[in-house]
Amino acid sequence: MEATRESTDSGAHTLFKAMIALLVVYALVALLGAAQFVDDRTLAGVMPYHQVGAWAAVLLRLALLTGLLGGGLAMIETANERTRALLPWLVRGWLALLVLAFFAGLLGLLEGRAGLELPPLLDVAQVVLLLGFIGVVADGTKARDAFSLVWLLGMGIVAAGGLLGLLLTGDALRDQLYGTLAAGLLLNVGAVLAMVALAFGLLHRTGALYKDGAESSTYFCGGLLALAGGVVTVAPLNVANGGSVLLQGLTVIVALFAAVIFALRILRAANGARVLRWLALAAVLLFGGLGLLGALTAVEAVGRWTLGTRLSDLQTLLTSLAVVAVGLGAAEAARENALREEHRVLRRGLAGAPFWLVAVGVIVVGVALAGAGLVQVYLERVVGVGYLETQEYLAPLYAAWIAGLTAAGLGLLAFGLAD
Amino acid sequence: MPGLTMASMTGARAFFLACVVVGILVAGAGGLAYIPGDAGAMPEAAADGYQVWRANGCVGCHSLYGQGGTFAPDLTHIHSQRGDDYLREFLANPTAFHPDARRMPRFALTRAETDQLLAFLDWVDEQPTAENWPPRMIAVNGMGGLTASNAATTTTTVALSEEDAAIERGRALFSAAPAACSTCHSLEPNVTLAGPSLHGIADRAWYRIPGVGPEDYIRASILAPSDYVVEGFTDVMQKNFGEALNSQQISDLIAFLMTQEEG
């Protein structure tokens, strides 16, 4: 039993470290992209934006998946010989995938219908590895509590989203449709479900919630958020095609309700412990992304104006960052478990700084991009100012975006170095 | 809540599974509803152009139907806004355009690839989704709605005669919403955007249509653009300027365009 825990804890710890490293790299690449929004003259020579943007998006997606996988391994209670033998290979395989994805981005080899996909072979490898991890966690959590069940289902949907993303038809409209559905299923439904499982699992493990309460919250919030994720995923297609009013109404109600319920349950249970602060941050980010922006932009009267602006980007970004925040909370919990009591006391004094840097940074990013989106809608879509001229007016907000990214990146670096 | 019964946990699990199934079904069914039929299949040239679009990572910066990158303008209607000739020039040397704004890298497309990409953008512009979105035209540049020069124009017209004031108002309207003529019409000789250059229109309008005076010709071209389509151009101009502009604005535009003489 002890060997099993060591094996899975070591795998989880490795993945958490990889997630943090990936997030630091993501912050740097995203910073390069954000800087090009202000001045593309000097920085475009380093790497053109279409490469920087795709690279940053892939890094963020892989970071959040890595955190979810680490959290899944941390849930394993028992593992048989076969699993113990397989796990190190899966972890090594995933690390190799991360390295290859890093170089694919660096060399401008990312491709696909949304420009965000890995090269096909890496995409296939990603799905295969995900299925391997799902198998290992399923094997090691035979008690089937709500946390493992919801995590398994969530990661299964993530893998299915990855498979859907491989369907290239050669027809632009079909590809855009499948791409939207694949990305939405992966993030809004699958990753969010796995995130909910990890969040309430952490609340239970840290003593903030009884197991029954944490399990029922996992089911309740997970169900509502999966429904919200489904309707928010299809909302851009509905808006662009002037579609169903019923779907718009359903999206507004479900997305807002689900995000509010999740936030309330997390915030009520979070007791100020360091681990749980990450969950509180995740709740706020998810409310902004999947909840508020998901609901607002699904309404045709709003979405027709916001589609394709910084606001639609922000919806995805905030949802991704919410998942990342839970991954960081899981990493923090795993780290605390691994430390002896005296080290815990020693670290306590400084440990808040990385969190606050990241929290303030991402909130500044969110506010800056929301402001940029609103100004863009007004100038470009209502007043009729040209796209390029509008971008010049947005420079101060992009500068705030850069400041926020810098703070978050420094926080992540400090978090990683503290390990 | 240690007292939760097995039955309530089973109910919670059932609620969860039902929500997940409904969520995925809504996403799937909602998505399938927008799969285009065979009638919307891409012609060969457009399909080739789509491959050029993908291979060069255009979607990393640009969006179509509002989906894609946000670093550069949405291109859903760029074909009808700019036309083949302008886009061909632009793609050949993008850095020469918009010298003071964000610039596009040069992709060194072959002539065949350029033709295919233009065919793709033309096809994009003609799809049903393009009729629904965006709610109003998104301009790349040239609208100048909030530029200092326009603001200055507004304030300085107070001191001008009524005729000069009309010309100045028309000048501002030419490059700003709701008219924004500059999006499709240049005032430079031999610079063709989506529509013909209006350099020298004040002279040409005299003899353009026998029996129709220059101001009436320009007015008709604004209100009913299909009536007098210039040879070599297609009938793509917006037909709603009669609703978008009031009579004063149309008169101001005419006053301004009547100052655009040859030489």
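Among contacts in chain A between residues at least 6 apart in sequence, what percentage join residues at least 24 apart? In this predicted model, the share is 81%. For chain B, residues 24 or more positions apart account for 61% of the contacts with a separation of 6 or more. These two values make a handy way into the architecture of the two chains, which are taken in turn below.

Chain A is built with 16 helices and 0 strands. Its C-alpha trace extends over about 65 × 45 × 45 Å along the principal axes. A compact globule of 419 residues would have a radius of gyration near 22 Å, and the 20 Å found for chain A therefore agrees with that expectation. Burial can be read alongside this result: of the 419 residues of chain A, 61% count as buried.

Helix α4 of chain A, residues 81-106, offers a simple check on helix geometry. Its 26 residues should span 38 Å at 1.5 Å a residue, and because the end C-alpha atoms are 39 Å apart, the model agrees with the expected span. Buried positions recur along α4(A), with A:T83, A:L87, A:L90, A:V91 and A:W94 among them. Further along, A:L97, A:L98, A:A101 and A:G105 are buried too. Just after this helix, A:G108 adopts a positive phi of about 70°.

Chain B has a mixed secondary structure, with 11 helices and 2 strands. Read from the N terminus, its elements follow the order α-α-β-β-α-α-α-α-α-α-α-α-α, so that both strands come after α2 and before α3 by the numbering from the N terminus. Of its 263 residues, 38% count as buried.

Confidence in chain B varies along the sequence. The average pLDDT is 81, and 88% of the residues score at least 70. The highest mean, 93, belongs to helix α4 (residues 111-126) of chain B, while the lowest, 37, falls in helix α6 (residues 148-156) of chain B. Over residues 143-159 of chain B the pLDDT is below 50, and this stretch has 29 contacts in the model beyond near neighbours in sequence. For the model as a whole, the scores are ipTM 0.88 and pTM 0.81.

How do the two chains meet? In the interface, 65 residues of chain B are in contact with 67 residues of chain A. On the chain B side, α1 (6-32), α2 (44-55) and α5 (128-132) each supply at least two residues. The largest share comes from α1(B), which gives 14 residues. Sorted by class, the side of chain B that touches chain A holds 40 nonpolar, 19 polar and 6 charged residues.

Helix α2 of chain B deserves a closer look. Its 12 residues should span 16 Å at 1.5 Å a residue, and since the end C-alpha atoms lie 17 Å apart, the two values agree. Within α2(B), the residues B:A46, B:G49, B:Y50, B:V52, B:W53 and B:R54 are buried. These buried residues pack against α7 (172-205) of chain A together with α4 of chain B. Just after α2(B), B:G57 takes a positive phi of about 65°.

The packing of α2(B) leads on to B:W123, a residue of helix α4 of chain B. B:W123 has 21 other C-beta atoms within 10 Å and is therefore buried, the cut-off being 20 or more. Leaving aside neighbours within four places in sequence, B:W123 is in contact with B:M42, B:P43 and B:A46. B:A46 is also one of the buried residues of α2(B). By contrast, B:I24, which is 99 residues away from B:W123 along the chain, has its C-alpha atom 31 Å from that of B:W123.

Two alanines in loops of chain B round off the picture. Phi of B:A108 is near 50°, a positive value in a residue other than glycine, and phi of B:A180 is likewise near 50°. B:A108 sits in the loop between α3 (78-92) and α4 of chain B, whereas B:A180 is found in the loop between α7 (162-174) and α8 (201-207) of chain B. Which of the two settings is buried and which is exposed? B:A108 has 9 other C-beta atoms within 10 Å and so is exposed, as 12 or fewer are needed for that class. B:A180, with 23 C-beta neighbours inside 10 Å, counts as buried because the number reaches the cut-off of 20 or more.

Definitions and conventions. Residues are numbered from 1 along each chain as its sequence is written. Chains are lettered from A and ligands numbered from 1 in the order in which they are written. This is a predicted model: local features need pLDDT of at least 70, side-chain atom pairs count only at pLDDT 80 or more; totals for chains, interfaces and linings use all residues. pLDDT is the predictor's confidence in each residue, from 0 to 100. Helices (H or I, at least four residues) and strands (E, at least two) are DSSP runs, numbered from the N terminus. Two residues are in contact if their C-beta atoms, placed from the backbone, lie within 7 Å. Ala, Val, Leu, Ile, Met, Phe, Trp, Tyr, Cys and Pro count as nonpolar, Asp, Glu, Lys and Arg as charged, and the others, Gly among them, as polar. The radius of gyration is taken over C-alpha atoms; the globule rule is 2.2 Å times the number of residues to the power 0.38. The expected span of a helix is 1.5 Å times one less than its number of residues.
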